[in-house]
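Biologist: I have the sequence and the coordinates open. Could we go through the packing and the strands together?

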Amino acid sequence: MARKNRTIGSDHVDIENGILYGVIKQIRAKDSESFRSNTASLVNVWCCQIQPSQTQLLAAAIRDHINSKDEVSLVHLKRFLKEEDESGNVFLKAIICSTEYLTTRSEVENFLTLHLHTTISDIYIIEVPKFPASTKEISDDWSEKYWPMSWKGNPNHQFLNSVNFNMKFEREIVSQLIEEYRQSKDFPTSVTIIVKETKNQEGEILAVVRGGNCNNPFEHSIMKGIDFVSKSEQQRRKHSIHETSDPSNYLCHNLWFYVSHEPCVMCSMALVHSRIGRVTFLESSPSSGGLESYYQLGDRDGLNWKFQIWKWIDENDINVINKIYKSPTPINY
Amino acid sequence: MMDLTTSFEDMAISLFIGYKALLISETPVACILKDKKSNKIISIGYNYTNSSLNGTQHAEFIAVKRLYEHSKDIDFSNIIMYVTVEPCIMCASFLRQLGIGEVIYGCSNDRFGGNGTVLSVHKDTFLVDKPYKSIGGIARTEAIQLLRNFYIQENESAPVPKIKKNKDIENKLYPPNLFNLTKEEFVDFYGEQRLDILENKEQEITPIPHKAYRLKDLISLKNLQEVPFLEDELGLIDEEQLNEFYDLFYDINDDSTIDFTKAIRKFNNKKRHLTPE
């Protein structure tokens with residue numbers, strides 16, 4: 001019973017509406033294949049046949065040498081499948097990795113020879129679902145059609161239950177965002193705060209950026225913020241005594257962006273190019289926004305980067321924003 | 001007959017700027033901005049994401065920023081952009097917000113294209129700004145080949161560099177030639193005579209319909225030396241460098257197919273110049 005309760009969610013999680021702590025709403029692509037579709041998007045993986053006695057060795061090799069490196073996550077699939085040949089001998093089929101990680105048959109052969117200390121000849125490519133299924137029924141259906149899936153509950157529900165925000169920190173940032181926005185009350189603009197995560201869901205503020213007039217795309221606060229982060233990193237590298245650069249300081253890799261308004265298509269895609277970790281915005285931009293209103297950039301299959309999108313829905317805060325300035329005409333923020 | 005020679009000449013200049021960007025380890029995507037009235041090149045741009053550590057510093061931004069630094073009051077509807085690769089979703093929105101007059105591009109951008117390939121940011125009617133005209137397919141194979149010369153290298157600035165396995169770019173085929181245009185839009189720019197290319201998707205646009213061409217005949221050293229900002233920012237150009245550039249590309253035959261019999265070279269990152277096959 002305890003287990004069942006967990007899937008319903010903790011007190012701060014509204015699973016049905018994707019709202020956390022009553023004020024942070026998850027924004028997702030309505031048709032995001034990864035969560036909702038009944039048709040599986042497929043990916044090619046290397047499969048092999050092994051003896052039951054080799055299972056442990058192969059499982060360890062996959063755990064130690066594949067899982068952290070293969071960019072295609074296969075954790076939603078069972079790794080081994082038990083089968084019998086005509087004479088009743090049991091053997092196993094195993095998924096090794098995606099064909100994106102090991103691209104040629106000989107690489108797979110070498111990998112198996114190295115770790116199983118014997119040559120495996122039955123190696124072939126199969127198609128399997130790239131993402132977990134959204135319901136138990138779809139999961140069963142795909143298990144039948146492609147390869148056994150492991151059902152661990154709705155993946156997005158699991159995700160929502162796993163996310164933690166430090167609400168004190170979040171509220172402080174939002175207050176600062178609004179105070180900053182108050183400074184520019186005569187023309188359409190936005191404010192961006194950029195945060196680098198430290199620990200306990202808290203972070204260090206890297207930049208507080210007030211945009212200029214949004215009619216000029218160069219003046220959008222997100223573009224200015226991205227520019228600021230890159231210039232600081234240039235300076236840091238220039239003055240750093242050691243040649244070695246911190247590999248995590250790459251573009252805006254995994255940084256958190258807080259924005260007063262839903263960013264325009266240009267700025268939303270700039271966040272994708274900059275590989276941010278997550279974005280939280282306050283006021284929606286129904287005629288121009290690229291996260292919630294159109295295209296769902298940041299949660300779109302096919303682009304090379306995804307990030308979490310959250311909308312701060314505390315009505316008091318949104319009212320304050322709109323009282324400070326509300327553009328009479330549609331605008332790109 | 002619709003003679004597109006000048007469009008090809010303009011694109012050849014953009015391609016060469018892209019090549020100069022490749023020489024400083026940038027993705028070889030580049031553009032020029034031309035003033036429609038004076039027909040002069042008023043700015044150039046090239047990808048600058050690696051040097052700047054800023055993933056938004058695409059060619060389109062660099063070219064426009066240069067103009068902005070001069071004057072904040074520019075009428076972009078009189079400006080035409082020749083860019084080697086279809087603008088990405090970000091740049092498509094940027095250009096639309098500026099009110100750009102027209103965009104001519106080389107090859108499609110299969111992963112991020114915002115002018116019809118992934119999204120149609122240039123013309124989707126629900127967005128606020130006025131749509132703009134966008135035409136692809138001028139010197140398409142050359143734009144692709146230039147990119148391939150970049151992608152065979154390893155991206156050393158990425159957090160975990162991927163080891164590139166497929167370096168055999170001489171024998172790679174080109175994807176189908178898709179234009180993201182309606183038949184009317186195609187005829188309006190390319191003319192009836194080229195309709196077969198829209199339909200069969202296997203041939204290339206040429207400056208003169210059904211007549212062979214090569215980049216070598218489109219631009220000269222003198223043309224390039226006259227391009228503003230080019231030598232100042234990306235270094236001097238000489239005949240040897242220009243010939244190395246020409247040697248990267250296949251020519252196009254009279255029947256609009258690619259001449260795969262030509263021996264091309266590929267760019268060698270380590271030596272910073274070309275190696276024979």
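Modeller: Certainly. This is a predicted model. Its largest nonpolar core has 121 residues, and the residues with the most contacts inside that core are B:Ile138, B:Tyr190 and B:Phe245.

Biologist: Which element gives the largest share of this core?

Modeller: Helix 1 of chain B, residues 5-23, gives the largest share, with 11 residues.

Biologist: And what does B:Tyr190 touch?

Modeller: Leaving aside residues up to four places away in sequence, B:Tyr190 touches B:Met2 and B:Leu4, then B:Ile135, B:Gly136, B:Gly137 and B:Ile138, and also B:Phe179, B:Leu181 and B:Ile205.

Biologist: What about a second core?

Modeller: There is a second, separate core of 27 residues, and A:Leu20, A:Tyr258, A:Ile318 and A:Ile324 are among them.

Biologist: Let us turn to the strands. How many residues of strand 10 of chain A are buried?

Modeller: Strand 10 of chain A, residues 256-261, has 6 of its 6 residues buried.

Biologist: Which way does strand 8 of chain A run against strand 10?

Modeller: The two are antiparallel, and 4 bridges join strand 8, residues 191-197, to strand 10 of chain A. Within that pairing, A:Trp256 of strand 10 stands opposite A:Val195.

Biologist: And in which sense do strand 10 and strand 11 of chain A pair, parallel or antiparallel?

Modeller: Strand 11 of chain A, residues 278-283, pairs with strand 10 in the parallel sense over 5 bridges. A:Tyr258 has A:Thr280 in strand 11 as its bridge partner. Between these two strands the chain passes through helix 9 of chain A, residues 265-273, in a right-handed β-α-β crossover.

Biologist: Back to strand 8 of chain A: how many bridges does it share with strand 9?

Modeller: Strand 8 and strand 9 of chain A, the latter spanning residues 203-210, pair in the antiparallel sense over 7 bridges. A:Val195 has A:Ile205 in strand 9 as its bridge partner.

Biologist: What is notable in the hairpin of those two strands?

Modeller: The hairpin has 5 residues between strand 8 and strand 9 of chain A, and A:Asn200 takes a positive phi near 50° there.

Biologist: A change of topic. How many cavities of 30 Å³ or more does the structure hold?

Modeller: The structure holds 1 cavity of 30 Å³ or more. The largest cavity has a volume of about 50 Å³.

Biologist: Which residues line the largest cavity?

Modeller: From chain A, the lining has A:Cys264, A:Val265, A:Ser288 and A:Asn332. From chain B, the lining includes B:Ser93, B:Arg96, B:Gln97 and B:Asp129. Helix 4 of chain B, residues 89-98, provides the largest share of this lining, 3 residues.

Note on methods: Residues numbered from 1 in each chain as written. Chains lettered and ligands numbered in written order. Predicted model: local features only at pLDDT ≥ 70, side-chain atom pairs only at ≥ 80, totals over all residues. Heavy atoms only, no water. Core = buried A, V, L, I, M, F, W, Y, C linked by side-chain atoms within 4.5 Å. Buried < 20%, exposed > 50% of the residue type's maximum accessible area, 1.4 Å probe, protein only. Contact = heavy atoms within 4.5 Å. Pairing = 2+ DSSP bridges. Right-handed = clockwise from strand over helix to strand, strands pointing away. 1 Å grid on protein atoms, 1.4 Å probe; cavity = no way out; pocket = protein on both sides within 12 Å on 5 of 7 lines; lining within 4 Å. Points joined across faces, edges and corners; volume = space filled by probe spheres on them.
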